[in-house]
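Trainee: I should like to go through the terms used for this chain and to see what each of them rests on. May we begin with the pairing of strands?

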Amino acid sequence: MVASSKKNSKEEEEATRAEEEKLIVGKEEIKRKDEEKEEEEEEANGADEEMVVEKYPEDSYSFLSIHGPREPLFSAETDTFDISSSFDESWVSSSGSPLEMYFFESEHKEYYCKLKVGDGVCDDIFNKIEYQYDGGDCCSDTCAGSSCGIGGLKNAFYGYVSGDGFPDCQRPGTVPISIKLNNITSSRDPELLVFSDDWLVEFMGIAEDEWRAESPDNLHFSLDCDGKNVFAVYVEKEMAGQRETMRVRDGANCTLVTRRIPEEIIGTQSTFDVFDKYPIWSIDYTITNLYIKSNREMEIEISSEHNKGKERENFKLIPTCYFDKLQDHTNLSSIYPAVGPSNEAIDWLVDNDEQNSECEDENFIERYALASMFFAMNLSEEL
Ligand SMILES: [Ca+2]
């Protein structure tokens, strides 16, 4: 029997409080703790705590913290311990701070003891509601720490590339989006860059065909949502025509970034300085919001762009509840471009709804209709 415990930070505690009520430990339900007391003690103690239960002959057990000093841990009611009856007790450290407990059976104790809930590394065995989806480790929006997503993406874009990401994110409250690389060409492709051959020969001493044929650098391609990295890869020519699907927070604010090398390394230097020393791959891509309703998947295009001339594309996901509410009132397949009164109304509603739940308001449809009329009138005045 192996047990580990984790005490969330205050922020994680707030984010997962609703799910916490459903948390199951073995066959026993975790008892919710006194919130005020827990917050005070979290501030006082801060760090995560884990422990190992070691079994000795004649059913005696040793409980030791494996995170930091190996201090004994205690059940709430007694210092003497009966493991058969104490799984559903409240647990505290020797200093008295409450601990959240995660129990699992294992014949491979040595392996599982190395896995941790909430350490920023997604562990499949904990990626379920009982463990609050590995304490948030498996999704970009809930993961905390410097290890988040690093090296997490394997065989992305149908097996062509590895990188950073959260391919196992499945937490409720996230939605799937897809990015397809329609075409990949050199930044020196004649369709992207036109100028006189004479100029090249005169100033750079190279013929145009030869200059255009130079092998491009791989393009660093990444997505950040709500200020957190969702994925990052280097684009290679072989990825043309492939797509990658990932989950991000419903209603997230996202930025797609294409650069020669990662932003944190290069600072503000432009990826698209075509007179730089080397050419670079240039991409044509489509971002799609996948709306799943009654087991049917609908692809709603967010945008389709060529990255020529710009390094960033910002987009905000329309909350899924908007699709639920408006599917009988507007064409979902063209809901994203903010063109026309209906789409401008949705754009306005999204930007003005700080809480996604506002689309659950009983007057939501009426508000949408009024906003559509308002934008239609504005258009008429302009005409
Ligand atoms: Ca983990």
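Mentor: Let us start with one residue pair: L290 stands opposite E299 in β17. The model is a predicted one, in which local features need pLDDT of at least 70, side-chain atom pairs count only at pLDDT 80 or more, and totals for chains, interfaces and linings use all residues. Residues are numbered from 1 along each chain as its sequence is written.

Trainee: What makes β16 and β17 strands that pair?

Mentor: Strands (E, at least two residues) and helices (H or I, at least four) are DSSP runs, numbered from the N terminus. Two strands pair if DSSP finds at least two bridges between them. Strand β16 covers residues 281-293 and strand β17 residues 296-306, and 10 bridges join them in the antiparallel sense; the criterion of at least two is therefore met. In their hairpin, which has two residues between the strands, S294 takes a positive phi near 55 degrees.

Trainee: How do you know that β10 and β13 pair?

Mentor: Strand β10 (residues 161-165) and strand β13 (residues 228-235) have two bridges, in the antiparallel sense, and at least two are required. G165 stands opposite F231 in β13. Strand β12 (residues 219-225) also pairs with β13 in the antiparallel sense, over seven bridges, and there L219 stands opposite V235. The hairpin of β12 and β13 has two residues between the strands, and D226 takes a positive phi near 50 degrees.

Trainee: Why are β14 and β17 said to stand at the edges?

Mentor: The open sheet has four strands in the order β14-β11-β16-β17, with antiparallel pairing. Because β14 (243-249) and β17 each have a single partner strand, one side of each is left without a neighbour in the sheet. Neighbouring strands of this sheet are turned by 30 degrees against each other on average, direction ignored; the axes are lines fitted to C-alpha atoms, for helices over the stretch in contact, and angles run from 0 to 180 degrees between N-to-C directions. Within the sheet, strand β11 (residues 174-186) pairs with β16 over nine bridges, and the bridge partner of N183 in β16 is D284.

Trainee: What percentage of the residues count as buried?

Mentor: Of the 383 residues of the chain, 29% count as buried. A residue is buried if 20 or more other C-beta atoms lie within 10 Å of its own, exposed if 12 or fewer, and partly exposed in between, with C-beta atoms placed from the backbone.

Trainee: How many helices and strands does the chain have?

Mentor: The chain has 12 helices and 18 strands.
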